[in-house]
Amino acid sequence: MSIATGYFDDVIEKLQRVRDTQDEAIAQAAEICADTIAGDGLVFTFGTGHGGFAALEMFPRTGGVTGFRPIVESSIALMHHVLGDQGTAQYRFLHTREGYGKAILRSHQIKDGDALVLFSHSGINAVILDMAVEFKERGLKVIAVTSVPHSSQVESRHSSGKRLYEIADVVIDTGIPLEDASQFIDGLEYPVGPTSTSIAVAAGHAINASTSAALVARGEKPMIMVNTNSNRTALAHRQNDLNYAELWRRLRSREFSAPEHQ
């Protein structure tokens, strides 16, 4: 069997596990997101490093519902530079520094009724936990997409002493093992073929789609992003422009809160 086949088999097996064990948690997460969107709030999504990919997929994305709001902090989301500006050294420093996550949230004008979806394979780093703690202290809901098998084997890097799965209101457990990479090659010391990103993205889309279903079940009509690379491009652009206008309406309705003085 080729490495590629082994990798695909492993991803399929992990997806099947999430499908078979996390359906209830995804449904609970969707109800929280539907509450927020129906209540004129925003569901913020965030992840550092590769966790940011799943957060970005939540909106705007074909088939996604308006009301999700990714937070992208470039200095801890883009690691491809490696050297120079926004490099690996800065990433390693910033995402482990307590207080940074709360500063990010202040810039996004969080309000009552909002919710937060955090994508973090390990669930132990300070920026992620800053955000989770801040939301919980404000009485707001936190949804975690994380690996309990990984997180439960490592120590928190936050003063709370907790890991993400110990704070969140709802946990979608990706089940990814500590190593993340899943394929072993004879003569090679370390495994290849990471799986956490693929599973996290799929879990995020499942939450997103389930949120639309939850809204429809309440008699609400979710505003859905439409694929523009089709035979109905003009219609898709019109619909998506309405979605963007709705996002802007939700954003401009927020009262400005100046950053705290240090």
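The exercises below work through parts of a predicted model, each with a solution in steps.

Residues are numbered from 1 along each chain as its sequence is written, and side-chain values use heavy atoms, with hydrogens and water left out. Because the model is predicted, local features need pLDDT of at least 70 and side-chain atom pairs count only at pLDDT 80 or more, whereas totals for chains, interfaces and linings use all residues.

**Exercise 1. Find the buried residues of helix α5 and work out how they are placed around its axis.**

Step 1: Helices (H or I, at least four residues) and strands (E, at least two) are DSSP runs, numbered from the N terminus, and α5 spans residues 100–107.

Step 2: Its buried residues, meaning those under 20% relative accessible area (1.4 Å probe, protein chains only), are Y100, G101, I104 and L105.

Step 3: These residues lie on the same side of α5, because they cover an arc of only 140 degrees around the axis, where the arc is that of the directions from the helix axis to the C-beta atoms.

Step 4: As a general rule, an α-helix has 3.6 residues a turn, so residues three or four places apart point the same way.

Step 5: Among the elements that cover the buried residues of α5 are β1 (43–46), α4 (88–94) and α6 (126–137).

**Exercise 2. Describe how α5 and α6 cross, and name the residues that make the contact.**

Step 1: The two axes, which are lines fitted to C-alpha atoms over the stretch in contact, come within 7 Å and cross at roughly 60 degrees, on a scale from 0 to 180 degrees between N-to-C directions.

Step 2: That angle makes α5 oblique to α6, since angles under 35 degrees count as roughly parallel, over 145 as roughly antiparallel, 65 to 115 as roughly perpendicular and the rest as oblique.

Step 3: Contact, meaning heavy atoms within 4.5 Å, is made by Y100, G101, K102, I104 and L105 of α5 together with V127, D130, M131, E134, F135 and E137 of α6.

**Exercise 3. Decide whether A54 and S212 are buried or exposed, and list what each one touches.**

Step 1: A54 belongs to helix α3 (residues 51–56), and it counts as buried because its relative accessibility is 3%.

Step 2: Leaving aside residues up to four places away in sequence, A54 touches F119, A200 and V201.

Step 3: A54 and A203 are 149 residues apart in sequence, yet their C-alpha atoms are 8.6 Å apart in space.

Step 4: S212 sits in helix α9 (residues 196–217), and at 11% relative accessibility S212 also counts as buried.

Step 5: With the same neighbours in sequence left out, up to four places away, S212 touches V65, P222 and I224.

**Exercise 4. Locate the backbone features at D40, V82, Q109 and P60.**

Step 1: In general, most residues other than glycine have a negative phi, and most peptide bonds are trans.

Step 2: D40, in the loop between α2 (23–38) and β1, has a positive phi near 75 degrees; with a relative accessible area of 27%, D40 is partly exposed, a class that lies between buried and exposed (over 50%).

Step 3: V82, in the loop between β2 and α4, has a positive phi near 60 degrees, and V82 is partly exposed at 44%.

Step 4: Q109, just after α5, takes a positive phi of about 55 degrees.

Step 5: F59 and P60 are joined by a cis peptide bond with omega of about -10 degrees, and P60 lies in the loop between α3 and β2 (68–70).
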